[in-house]
Amino acid sequence: MTHFPPWPAPCLGVCYYPEHWPAARWAQDARDMAALGLRVVRLGEFAWSRLEPSPGQWDWAWFDKAIETLAAEGLRLVLGTPTATPPKWLVDRLPQILAVDAQGRPRRFGSRRHYDFSSPEYLQEARRVTQAVAARYGQHPAVVAWQTDNEYGCHDTVQSFSESAVRRFREWLRQRHGDIDALNAAWGTAFWGQTYRSFDEIDAPVGTVTEAHPAHRLDWRRFASDEVVRFNRAQVDLIRAHSPGRAVLHNTMLFFAEFDHYRLAQDLDLVGWDSYPLGALENFWFDAVTKARWLQTGHPDFAAFHHDLYRGMSRLPFWVMEQQPGPVNWGHWNPAPAAGMVRLWTWEALAHGADVVSYFRWRQLPFGQEQCHAGLHTPDGTLDTGGREAAEVARELGQVDLESVQAAPVALLLDYESLWSIEIQPQGASEHGLRRCFEAYSALRSLGLDVDIAGPETSLAAARLIVLPAQAIVGEALASALLRAVQRGARVVLYPRAGSRTGDLQTPPALPPGPLQQLIDLRVLGVESLRPGVSRPVALPWGMGYVEQWQERVEPGRRVEVEASDAQGRAVVLRSGHVTYLAGVLDAASQRQLLAQRAREAGLGPLALPDGLRLRRRGSQVFAFNYDAQLHTVPGPEVRWQLGGAEVPPHGVAIGLLAEPGGKDAPLNATNHA
């Protein structure tokens with residue numbers, strides 16, 4: 001058997017399910033994959049019932065043949081642990097492995113992800129099947145990586161309210177708080193007479209007459225997240241024991257914050273994610289005008305946001321495990337990508353540092369729940385639009401030598417516990433922490449700036465501009481890191497609610513922004529949320545703007561300058577040296593202008609990009625992506641174009657090298673400042 005080196009990076013891949021197709025077709029599929037320019041194949045993540053059709057009776061022959069068939073064409077393999085789909089015989093034998101919803105109903109067999117992370121019986125079974133698969137294929141020379149499970153938490157499955165979960169939650173609380181008096185103090189259970197005498201009295205925070213205690217809910221969210229991490233770690237440990245030297249990853253999802261991905265990533269080599277730009281546009285918060293505007297392209301910042309998020313938590317370069325190649329089946333509406341968009345999405349992932357972009361799936365399936373989900377081929381094997389564009393990228397990869405990805409000059413903080421705290425206590429129906437992060441990211445990207453998305457423990461040493469859109473919980477370590485960044489000259493922009501809660505979901509003793517008062521001397525005395533359609537004019541240094549959705553009443557200290565106030569004289573933009581505090585949510589145009597001003601002060605020189613045009617750097621390379629239906633010209637310094645040119649056609653891509661000596665360290669925009 002030929003020895004396979006690590007995957008050829010960067011490269012393209014595909015998801016393939018040999019169990020769905022006649023074995024006589026596999027060899028031709030493998031030849032066609034290689035001919036198309038694909039190099040990596042993911043398989044096996046839903047195959048438990050075929051690998052073990054009855055308890056303890058393993059059928060390896062078909063999977064052995066599939067692996068050898070793919071390997072014979074030089075394809076590298078990513079094997080999935082098949083724990084996302086426990087078979088029917090296992091559910092019938094151990095019904096307690098089923099997750100339980102908030103109404104106390106078991107999640108029944110018949111789709112997928114029907115297990116409880118807290119079930120000790122299922123953890124044992126998951127270890128057993130992972131051990132069997134890893135032991136059999138862990139040393140196979142074609143296997144270069146492993147994917148644990150599939151899309152943890154999909155279909156609202158992070159939280160289970162089973163008896164097993166409640167028992168484990170009580171023990172988790174005992175470990176976190178030490179004794180019941182400490183928990184009562186941390187939670188503030190004196191309110192509404194909720195004091196507990198022992199941990200055994202505490203249930204899951206569901207079924208209450210009105211909302212359950214917020215601190216109880218936050219600890220439950222932390223616990224549920226830790227259960228995902230624990231379940232994943234059990235598989236990772238077995239894989240590493242049986243398959244040393246291979247990468248271990250998981251495929252996460254879009255706009256998904258139900259567990260702490262930073263903690264999951266600590267046990268992995270890299271984080272992959274599943275990119276479905278059109279499905280995301282339809283199913284998330286975007287308004288009807290935005291959805292119509294980007295109907296066949298996805299929002300210009302959606303995929304990039306997730307690339308930068310998951311790259312930031314990976315030790316190895318991140319992967320896109322599932323790239324949308326055509327219409328999906330699960331959106332409210334499911335349009336087809338515009339011509340060129342599959343190519344654009346692929347190159348955009350590579351520009352942001354992906355090592356592998358893997359399309360879902362090789363061939364559209366003629367049966368099951370995903371019959372309407374496109375693949376690279378139609379069900380009869382005809383190469384579809386996505387397949388033709390994937391082949392085009394495979395050819396183009398031979399023309400472009402990609403440089404290494406460097407730390408971006410802008411850091412945007414995203415913290416899952418803070419997002420949960422805002423979800424638990426929104427104080428306004430429009431409040432959504434993840435949306436705040438995305439909108440700030442989008443404003444920065446529209447200025448031509450490269451962004452690293454960072455967690456509360458990520459180093460900020462390279463950042464010249466640091467933005468905190470939804471950092472409600474700020475520990476002393478993060479506050480100290482921000483202070484050091486300010487002392488070395490970085491600009492920091494704090495959005496409303498920054499430092500507004502302690503780790504126990506209480507108001508800081510000295511009022512918000514809590515520990516951030518060492519950066520800017522002010523106190524937030526009160527807050528109010530504004531319904532949609534309500535805005536308040538603000539006189540900003542560059543013109544009139546508006547406060548929307550949220551406004552705070554702030555008391556500034558003597559060293560704090562009020563840069564902008566509303567018509568009633570309430571401070572909206574406050575500043576102390578390099579630190580800016582926003583006491584209200586600014587309209588999109590004003591937010592963009594403010595970030596552009598702070599970027600200029602940081603020496604970054606923002607660009608005025610046309611709507612729909614986005615740029616990204618890899619070393620001295622410049623990538624331009626046109627999401628628009630009209631041609632756009634790339635602004636900025638002179639570029640020697642390798643692929644395309646300065647005039648980027650609709651839904652097109654251009655790649656080039658900065659022409660100036662030392663250009664890799666210079667901002668993109670010598671001209672055309674925003």
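The following dialogue asks how some labels used for this predicted model are justified.

Student: Why are α8 and α15 called oblique to each other?

Tutor: The axes of α8 (residues 214-242) and α15 (residues 416-424) cross at roughly 140°. Roughly antiparallel needs over 145 degrees, and roughly perpendicular covers 65 to 115. The crossing falls in neither class, so the two helices are oblique.

Student: Which hand does the crossing of α8 and α15 have?

Tutor: The crossing is right-handed. The two axes come within 10 Å.

Student: What makes α8 and α15 a contact pair, and which residues meet?

Tutor: Contact takes heavy atoms within 4.5 Å. On the α8 side, P214, R217, L218, R221, R222 and S225 take part. They meet E417, W420, S421, E423 and I424 of α15. By class, this contact has four nonpolar, two polar and five charged residues.

Student: Why is R113 called buried?

Tutor: Buried means under 20% relative accessible area. R113 has 3%, so R113 counts as buried. R113 lies in the loop between α4 (88-93) and α5 (120-137).

Student: What is notable about the phi of R113?

Tutor: The phi is positive, about 55°, although R113 is not a glycine. Most residues other than glycine have a negative phi.

Student: How do you know whether L505 is buried or exposed?

Tutor: Use the cut-offs again: under 20% is buried, over 50% is exposed. The relative accessible area of L505 is 9%, so L505 is buried. L505 sits in the loop between β12 and β13. Its phi is positive too, about 65°, and L505 is not a glycine.

Student: Where are cis peptide bonds found?

Tutor: One joins F360 and R361, with omega about 10°. R361 is in the loop between β8 (356-359) and α14 (385-397). Another runs from P512 to P513, with omega near 10°. P513 is placed in the loop between β12 (491-494) and β13 (522-529). Most peptide bonds are trans.

Student: How do you know that β23 and β25 pair?

Tutor: Pairing takes at least two bridges. β23 and β25 (residues 653-658) have four bridges, in the antiparallel sense, so they pair. One bridge partner is L657 in β25, for R640.

Student: What makes β20 and β23 edge strands?

Tutor: Each pairs on one side only. The sheet is open, with four strands in the order β20-β21-β25-β23 and antiparallel pairing. β20 spans 613-618 and β23 spans 639-643. The twist averages 30° from one strand to the next.

Terms used
Residues numbered from 1 in each chain as written. Predicted model: local features only at pLDDT ≥ 70, side-chain atom pairs only at ≥ 80, totals over all residues. Heavy atoms only, no water. Axes fitted to C-alpha atoms, helices over the stretch in contact; angles between N-to-C directions. Parallel < 35°, antiparallel > 145°, perpendicular 65-115°, else oblique. Left-handed = near helix turned anticlockwise from the far one by under 90°. Nonpolar A, V, L, I, M, F, W, Y, C, P; charged D, E, K, R; others polar. Buried < 20%, exposed > 50% of the residue type's maximum accessible area, 1.4 Å probe, protein only.
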